[in-house]
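Student: Could you take me through one part of this model close up, and then work outward from there? I'd like one connected story rather than a list.

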Amino acid sequence: MESEAGFTTAMGVALATMVLAYIVIFTELIHRSSAALAGGILMIGVGTWMGFYSQTAAVQAIDANTMFLLISMMMMVVMLRPTGGFEYLAIKIAKASGSDPRRLLVFLCIAVSVISMFLDNVTTVLIFAPLTVLITRLLNINPLPFLMAEAMLSNIGGASTLVGDPPNIMIGSAGNIDFMTFILNMGPIICVVWFCTIGLTLFLFREYLNQPITVELDLDESKAIKDPVALKKTLFALSITIILFFVHHHFHLFPSYVAFIGAAIALVLVQPDPETLYGEMEWSVLVFFAGLFVIVGGVESSGLLDLVGFELADFAKQEDQLLLACILLMWVAAVLSAIVDNIPFTVTMIPIVQGLEAQGVPVLPLWWALAIGVGIGGNGSHIGATANVICVTESERCGIPEARITPMLWLRKGLPMMVFSLIMATIAFSVGFDYLR
């Protein structure tokens with residue numbers, strides 16, 4: 001791979017097109033799915049005209065693994081809803097919170113963080129977002145802070161393990177890093193970041209969490225189950241999916257394929273009405289991601305991400321600057337992951353880091369810096385991670401106006417948390433740098 005001479009006109013046009021689409025998305029002039037679709041069409045048009053992008057490249061840019069994972073997990077969530085299983089869990093968790101919103105937030109964040117260490121955070125949030133809305137309805141409190149916290153803490157939790165986030169799997173494969181090595185190096189840093197982020201979350205959302213819960217729950221959770229047979233069948237399919245998620249990388253199975261196995265089992269066992277099933281799925285989320293993937297694909301095809309990667313690589317070649325190069329990579333990866341999908345940047349950086357290794361540069365800390373950056377960076381905007389978009393969509397469909405998570409609200413709350421998390425990660429990384437090498 002050879003570096004481009006410098007910033008080109010194609011890069012400028014691709015960047016301008018992406019910025020224009022993002023302005024429309026963040027200002028909500030039109031719905032984000034429509035804005036992303038229009039932006040994708042514009043990117044293909046200007047890219048084809050200028051020769052840096054094509055319709056074929058745009059189709060290939062759509063991450064089918066993410067799309068199919070979303071579709072299959074949405075199917076199982078939709079099949080679970082009418083059974084009463086969510087209501088059962090909601091009552092149990094609401095009772096355990098002891099009428100304390102702060103305790104409820106911490107409980108939910110611990111749950112999504114731990115589960116996201118071993119399952120894809122998309123799957124975790126798809127299950128917990130509707131559950132959270134049910135819990136907050138029971139307690140008559142605003143679900144907004146809980147949904148945002150779950151999305152952000154699931155992103156942080158997923159960064160700590162080899163299988164917690166798709167970029168980690170790619171990094172582990174490229175760097176020949178096993179599961180235990182990954183968690184032993186990333187775990188302590190992410191643990192520091194997690195505790196600090198929880199503290200900041202409680203502070204930033206204090207206006208929502210200072211209001212005491214006045215509702216007295218006198219509900220029998222056992223009576224919440226409406227269709228125990230369908231619940232057992234769907235949970236059986238979901239259990240198989242979760243078990244396969246733990247081992248899918250050993251058998252070279254895509255997460256989306258694993259999820260489709262579970263969805264297929266549930267469809268055969270439950271046999272839901274197709275019109276009802278597909279009518280309740282969040283198709284706008286899928287359209288949004290398809291458009292976003294096409295936009296980011298155009299930026300990648302223009303060579304802009306390669307240019308950024310090579311600039312970082314040139315800096316990392318200086319042995320006495322390796323720590324600074326790692327920190328720079330971490331922050332650049334985080335900022336780009338808040339703007340574009342973290343997978344294209346990870347794909348771009350992998351051969352560059354491997355090239356540095358061939359030149360004798362100790363690259364292990366660079367792998368950790370990349371994983372930290374792409375894991376934490378998604379918290380910077382409402383479109384920075386798939387989990388964020390799912391929680392935003394759930395806040396819109398719950399029907400509570402004051403619970404709606406707007407793009408600007410996410411920037412006001414999420415961006416400071418991303419920056420604070422990165423500062424904590426930078427300190428922890430610097431202190432443990434010799435160990436990480």
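Which residues form a nonpolar patch on the surface, and about how much accessible area do they have together?

Tutor: Keep in mind as you look that this is a predicted model. The patch you're asking about consists of Leu415, Val419, Ile423, Ile427 and Val431, which together offer about 420 Å² of accessible area. Take Ile423 as your anchor: this residue belongs to helix H21, which covers residues 407-431. Ile423 isn't fully out in the open, because its relative accessible area is 37% and that makes it partly exposed. A patch member needs over 30% relative accessible area, and Ile423 clears that bar because its value is 37%.

Stay on helix H21 for a moment and look for charge. Lys413 makes a salt bridge with Glu207, with 3.2 Å between the closest N and O atoms. That pairing ties together distant parts of the chain, since Lys413 sits in helix H21 while Glu207 sits in helix H11 (residues 206-209), 206 residues apart. Are the two ends of this bridge buried or partly exposed? They split: Lys413 counts as buried because its relative accessibility is 11%, whereas Glu207 is partly exposed because its value is 38%. In general terms, side chains of opposite charge can pair when their charged atoms come close.

Now for a residue packed out of sight. Thr197 lies in helix H10, residues 179-204, and counts as buried because its relative accessibility is just 1%. Which residues does Thr197 touch, once those up to four places away in sequence are set aside? The list is Leu153, Ile156, Met417, Phe420 and Ser421. For a sense of scale, pick Thr348 as a second point: 151 residues separate it from Thr197 in sequence, and their C-alpha atoms are 29 Å apart in space.

From there, follow the packing to Phe429. Ignoring neighbours within four places in sequence, Phe429 contacts Ile189, Leu323, Cys326, Met330, Pro365, Trp368, Ala369, Ile372 and Leu436. That's a busy spot, and it shows up again at the level of the whole core: the largest nonpolar core has 148 residues, and Phe429 is among those touching the most other members, along with Tyr22, Ile135, Phe345 and Leu370. Helix H4 (residues 64-80) gives this core its largest share, twelve residues.

One of the contacts of Phe429 is a cysteine, Cys326, so it's fair to ask about sulfur chemistry. Cys326 counts as buried because its relative accessibility is 0%. Cys191, by contrast, is partly exposed because its relative accessibility is 39%. How many disulfides does the structure hold? Zero. Why does Cys191 have no disulfide bond? The closest cysteine sulfur to its own is in Cys196, at 9.5 Å, and that's too far for a bond because the cut-off is 2.5 Å.

Back to charges, since the Lys413 bridge isn't alone: the structure holds eight salt bridges. Another of them joins the side chains of Glu282 and Arg397, at 2.7 Å from N to O. It too spans distant parts of the chain, with Glu282 in the loop between helix H14 (274-279) and helix H15 (283-301), and Arg397 in helix H20 (residues 386-397), 115 residues apart. Arg397 is partly exposed, because its relative accessibility is 40%.

Then there's Arg404, which pairs with Glu396 at 4.0 Å between the closest N and O atoms. Both are partly exposed: Arg404 because its relative accessible area is 32%, and Glu396 because its value is 27%. This bridge belongs to something wider, as salt bridges with shared partners join Glu28, Arg32, Glu396 and Arg404 into one network.

Glu28 deserves a second glance for its backbone. Its phi is near 60°, a positive value in a residue that isn't glycine. Glu28 is in the loop between helix H1 (9-27) and helix H2 (32-50), and it counts as partly exposed because its relative accessible area is 32%. His252 is another non-glycine with a positive phi, about 55°. Its place is the loop between helix H12 (228-247) and helix H13 (255-270), and here the side is open: His252 counts as exposed because its relative accessibility is 74%.

Key: Residues are numbered from 1 along each chain as its sequence is written. This is a predicted model: local features need pLDDT of at least 70, side-chain atom pairs count only at pLDDT 80 or more; totals for chains, interfaces and linings use all residues. Side-chain values use heavy atoms; hydrogens and water are left out. Patches are made of residues with over 30% relative accessible area and no salt bridge: like charges are joined within 9 Å, nonpolar side chains (Val, Leu, Ile, Met, Phe, Trp, Tyr) within 5 Å. Accessible areas come from the Shrake-Rupley method with a 1.4 Å probe; for residues, only the protein chains shown count as cover. Helices (H or I, at least four residues) and strands (E, at least two) are DSSP runs, numbered from the N terminus. Buried means under 20% relative accessible area, exposed over 50%, partly exposed in between (1.4 Å probe, protein chains only). Contact means heavy atoms within 4.5 Å. A nonpolar core is a set of buried Ala, Val, Leu, Ile, Met, Phe, Trp, Tyr and Cys residues joined through side-chain atoms within 4.5 Å.
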